[in-house]
Amino acid sequence: MGPPTLGSVVNLLPTATSTDVAELQPLVAVLPIGSFEQHGRYLPLITDTAIACIIGQKIADAYPVHLLPPITMSCSHEHAAFPGTVSISAKTLYAVIDDIRDSLARSGITKLVIINGHGGNYVLSNIVQEANVDGPAVALFPLGADWDRARDHAGLVSDRHADMHAGEIETSILLHAAPELVRDGFTDADHDGGPRPFLLAQGMSAYTKSGVIGFPSFATEGKGKAALASLTDSFAGHLEVLGTANENSQADTHFSQCHSLPHGTT
């Protein structure tokens, strides 16, 4: 497959009008945060941003939230040895999110869910912790348990540690939701990066020459669909923690319906 077309990239952005938001009266905003970093030879630099946007759109389709456009560059310093990767500092990412929260609050939206598409954005955990000192106001999604549940639901072969980057789950999600972004070469790109004890000190290049740590050969469109369905289901619990699930009947209805599904239903 060739490079993505303009249309495919534009479709990752929210298209609501101001009138739409006024009629919805959302209590929660959803902010996708991705990255601009290498993902081997078969996935684009925008992979993490695309996946965060895809998850965000699934959530916006199911829950009454205000979906924001993504932050497309973040903390990808461990990928600096690979061409094309661009990073911003943790303090810059912190400041941008802080400004976004202030702007949302002025419009009456005081709850925020950050959809994190890049595991290296460690600062997001601290941002959420600080924001919640006086009560739940910001959630980070998906958490490790959400990803584990999605992997189990989708029947993935690999686990989170082994399938760290450009592997089975990322490729599966894009094969389902944005197949035009996936190029040839993922079926023979598997690489086991091992324990990786000094990843923060040495970066990704110490553990992979291709940029891949994971098992993309096991990726399928069906696994991507099932993983996204699980993540959409899991999101209801985060709304509940923020104290908004019971304030909107649409969210309540979705929550009850999702949690009445038997395990493995998509």
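## Helix packing and cores

The crossing of α6 and α9 is right-handed (the near helix is turned clockwise from the far one by less than a right angle). This is a predicted model, where local features need pLDDT of at least 70, side-chain atom pairs count only at pLDDT 80 or more, and totals for chains, interfaces and linings use all residues. Residues are numbered from 1 along each chain as its sequence is written, and side-chain values use heavy atoms, without hydrogens and water.

Helices are DSSP runs (H or I, at least four residues) and strands are too (E, at least two), numbered from the N terminus. The table describes one helix pair.

| Pair | Angle | Axis distance |
|---|---|---|
| α6 and α9 | about 140° | 8 Å |

Axes are lines fitted to C-alpha atoms, for helices over the stretch in contact, and angles run from 0 to 180 degrees between N-to-C directions. α6 and α9 are therefore oblique to each other (not under 35 degrees, over 145, or 65 to 115). In this contact (heavy atoms within 4.5 Å), α6 uses residues including Trp-147 and His-153, and α9 uses residues including Leu-231 and His-238.

The largest nonpolar core has 44 residues. Such a core is a set of buried Ala, Val, Leu, Ile, Met, Phe, Trp, Tyr and Cys residues joined through side-chain atoms within 4.5 Å. Among the elements that each supply at least two residues are α3, α6 and α9.

Twelve of the 16 residues of α3 are buried (under 20% relative accessible area, 1.4 Å probe, protein chains only), so α3 is largely enclosed by the rest of the structure. Ile-59 is one of these buried residues. Beyond its neighbours within four places in sequence, Ile-59 touches Val-30, Val-65, Ile-115, Phe-141 and Phe-235.

Note on methods: Buried means under 20% relative accessible area, exposed over 50%, partly exposed in between (1.4 Å probe, protein chains only).
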